[in-house]
Amino acid sequence: MKLHQQYLLLHQQFGHLSEHEVTLAELGELLDCTHRNTLTIVKKMIGLHWIHWMSQRGRGRRSTLTLLIPAEKIAAEYMMQAMNRRELQQAAEHIGAFSSSVTMQHHLNQWLLGYSGHHTEEGIHNERIDTLRLPIRQQIHALDPMYINLLAESFITSHVFDGLVQRNEAGEIRPCLAHTWDVSEDRMTWIFYLRKGVSFHDGQFLTAEDVVYTFERLQSTKRRNLYKDVSKHILSIEAWDSLTVCFRLTKPHEMFIDFLSTSRASIVSPRLHPMSDSSDSVVQEEPYPALKPVGTGPFKVSVWDEHLCRLDAHPAYFQGRAQLDRVEILQIPWSAPTNWNNHTAMESPFFHLVHNPLSSTGADWSQISAGVTVRKLITCNTQKIGPLSDPTIRAHVQACVASEGNLLFKEGTFATSSHNSEHVSTNREHANDSLDRITPINPKTLQIATIAQYREDAARLAKALERHGYTCTVRTGTMEQFKGDLRLESDLILFSLIRDRDVELRRYDLYITLSEHLDERSKETVQNMLTRVISSRHPTDRTLGLDQIEQFLQEHSLLMHLTEKPIETAYLPSVRGVSFNSQGWVNLRHIWFPTSLDEVTVKSSRR
């Protein structure tokens, strides 16, 4: 690998010229090598056809050096070797200048498709070890359910932890760590009966005290976590005995059981997940406490650093051992741009299995949809005194966005439009009519807030509004900053809603969060409607109530839909057992890889 570093140094010094006159002494000084070692390096690079060297004899005579290989290709090879050797940080530092190169990205992308996926090796007892490698584009900051923000983090924690209940592929709430439960007539007392013999990854058995600890820990934090409002309705948690736990709520909340199936309500071990400091800040910055997580899930974390997260099958998993032995999640050590392919977005952080694959992935790939979509939204901050306090200006902004249609966002479909092109055209004409009817405005300055992953989306939105007379500035921040003052100081807030099997709970949390930056009258209206939703026992009534809230927000130009994009997964036919959890993640516990006929033939020929 050092030879790659040395070539990149040469390219940094001489790469802008086709030929360069230089002495061995000058090369030695650049490479920090002796005369003898410099000569050896030159000979190696000549042998690899990396350089052309026309030597001139005599002290002080200048030779001619020509670099033959693009630096991006050498940088990609360097990174490939670093991945195999788990020396990514050093490599990342040396190739930083080339990480934005499209050529380098192409080389790496092609190599990653071969590096990732299923690999088999023999263990020390000649047993077959099945490993699945998943390179990802997101940096894993946390694997503690209380601190996770990114989808990649949610994917990992969904395989490391379990909740009291779980949602199956049909969307039904089913037993998990609790084998059954009772609920009182007034729906305010919930009693859960834990399974016997469930073990954490450290060998300790699950008890009701662990459940009590988990939820007291959730309630002690001041962080604005997903579904925080639901957990706030827990009045008390009590362990009646070692396998029975009782929750008492402040009032009936029909989404409480749904909340218990999410990763936020995963049961953690008090031995390695400390109680939250009651003084922790809502705007605490990453990185979060990098403690190796201990759960009861089908995989346990054996390695976790800034580049690799290795999951090993938990042999004593109470629902049955995973068929895979190991999953290696490799974190690519740079912020990969979204133009690696035309359909890749930060909602899908994986290269492989492959989420949101290109249509040109190839005939060898199968493609399946988990029924999950990502909807991008804009909301207006009417709590802030500014242009959007005026409903006429909000309506004008809404009409501007609608008039742009699919021209505004290249990916996905315009969320307020149909796939039918005639319908799309009609909606756009209606928006244009609205623009004509609304009184022209004086130029207004709007501030747009979003998270770093949606910076490009916010920039496109700003340009679109500028075409209609607005002046826009874009502010981005971390997820914690976005949850805090960043959105409350802005006029327009751009973010997304994942529509999976937990969509009812996600919409509820969205409208609770959104109400925080609404004017008092709108806020009161939305929160009163939400109170009726959580008291409704029938799902159809809750859905109707959520739809009415959305209708109210749209009619008052407080919520605008941009795009809705499905999350799909491509996989090779050799992958068996592909299924999805409630968040649309592939369930790694069920995946397995049969031995191919070619492998059987090779083994037979060896006997």
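Colleague: Is Asp 202 buried, exposed or partly exposed, and what is its relative accessible area?
Modeller: Keep in mind that this is a predicted model. Buried would need a value under 20% and exposed one over 50%. Asp 202 falls in between, so it counts as partly exposed, with a relative accessible area of 34%.

Colleague: Which residue forms a salt bridge with Asp 202, and how far apart are the closest N and O atoms?
Modeller: Asp 202 sits in the loop between β9 and α8 (208-220), and its partner is in the loop between α10 and β12 (299-304). That makes it a link between distant parts of the chain, 69 residues apart. The partner is partly exposed, at 39% relative accessible area. It's Arg 271, with the closest N and O atoms 2.8 Å apart.

Colleague: What about Arg 187: which residue does Arg 187 form a salt bridge with?
Modeller: The closest N and O atoms of that pair are 2.9 Å apart, and both residues are buried. Arg 187 is in the loop between β8 (178-183) and β9 (189-194), while the partner is in the loop between β11 (244-249) and α10 (256-259), so the bridge ties together parts that are 67 residues apart in sequence. The partner is Glu 254.

Colleague: In the salt bridge of Asp 325 with Arg 321, which residue is buried and which is partly exposed?
Modeller: The closest N and O atoms here are 2.9 Å apart. The cut-off for buried is under 20% relative accessible area. Arg 321 has 40%, so it is partly exposed. With 17%, the buried one is Asp 325.

Colleague: Which residues do salt bridges with shared partners join into one network?
Modeller: A search of the whole structure turns up 24 salt bridges. Where they share partners, they join one set of residues into a single network: Arg 375, Arg 499, Arg 507, Asp 547, Glu 550 and Glu 564.

Colleague: Now the second largest pocket: what is its volume, and which residues are closest to its centre?
Modeller: The volume comes to about 530 Å³. The lining is made up of 27 residues. Closest to the centre are Ser 158, Gln 166, Arg 167, Asn 581 and Asn 587.

Colleague: Which element gives the largest share of the lining of that pocket?
Modeller: Two elements give two or more residues to the lining, α7 (151-160) and β6 (165-167). By class, the lining has six nonpolar, 16 polar and five charged residues. The largest share, three residues, comes from β6.

Colleague: How many residues of α7 are buried, and what covers them?
Modeller: The buried ones include Leu 151, Phe 155, Ile 156 and Val 160, as well as Glu 153 and His 159. Their cover includes β5 (128-136), β12, β13 (308-313), β14 (326-331) and β19 (492-499). The helix is mostly covered, and the count of buried residues is nine of 10.

Colleague: How many disulfides does a search of the whole structure find?
Modeller: Two of the cysteines make a handy contrast in accessibility. Cys 33 is partly exposed, at 22%, whereas Cys 380 is buried, at 0%. As for disulfides, the search finds zero.

Colleague: Which residues does His 4 touch, leaving out those up to four places away in sequence?
Modeller: His 4 lies in helix α1 (residues 2-14). At 6% relative accessibility, His 4 counts as buried. The residues touched are Trp 50, Ile 74, Glu 77, Tyr 78 and Gln 81.

Colleague: What separates the C-alpha atoms of Leu 486 and Arg 475?
Modeller: Leu 486 lies in helix α14 (residues 479-488) and is buried, at 7% relative accessibility. Its contacts beyond four places in sequence include Ala 449, Thr 450 and Arg 475. Leu 486 and Arg 475 are 11 residues apart along the chain, and their C-alpha atoms are separated by 7.8 Å.

Colleague: Asp 32 has a positive phi although it is not a glycine; what is the value?
Modeller: Asp 32 is in the loop between α2 (24-31) and α3 (35-47). There it is exposed, with a relative accessible area of 71%. Its phi is about 60°.

Colleague: And Ser 557, buried or exposed?
Modeller: Ser 557 also has a positive phi, near 55°. Its place is the loop between α17 (539-555) and β20 (559-571). With a relative accessible area of 4%, Ser 557 is buried.

Technical notes. Residues are numbered from 1 along each chain as its sequence is written. This is a predicted model: local features need pLDDT of at least 70, side-chain atom pairs count only at pLDDT 80 or more; totals for chains, interfaces and linings use all residues. Side-chain values use heavy atoms; hydrogens and water are left out. On a 1 Å grid over the protein atoms alone, a cavity is a set of points where a 1.4 Å probe fits but cannot get out, and a pocket is an open set with protein on both sides within 12 Å along at least five of seven lines; lining residues have an atom within 4 Å of a point. Grid points are joined across faces, edges and corners, and a volume is the space filled by probe spheres set on the points. Helices (H or I, at least four residues) and strands (E, at least two) are DSSP runs, numbered from the N terminus. Ala, Val, Leu, Ile, Met, Phe, Trp, Tyr, Cys and Pro count as nonpolar, Asp, Glu, Lys and Arg as charged, and the others, Gly among them, as polar. A salt bridge is a side-chain nitrogen of Lys or Arg within 4 Å of a carboxyl oxygen of Asp or Glu. Buried means under 20% relative accessible area, exposed over 50%, partly exposed in between (1.4 Å probe, protein chains only). Contact means heavy atoms within 4.5 Å. A disulfide is a pair of cysteine sulfur atoms within 2.5 Å.
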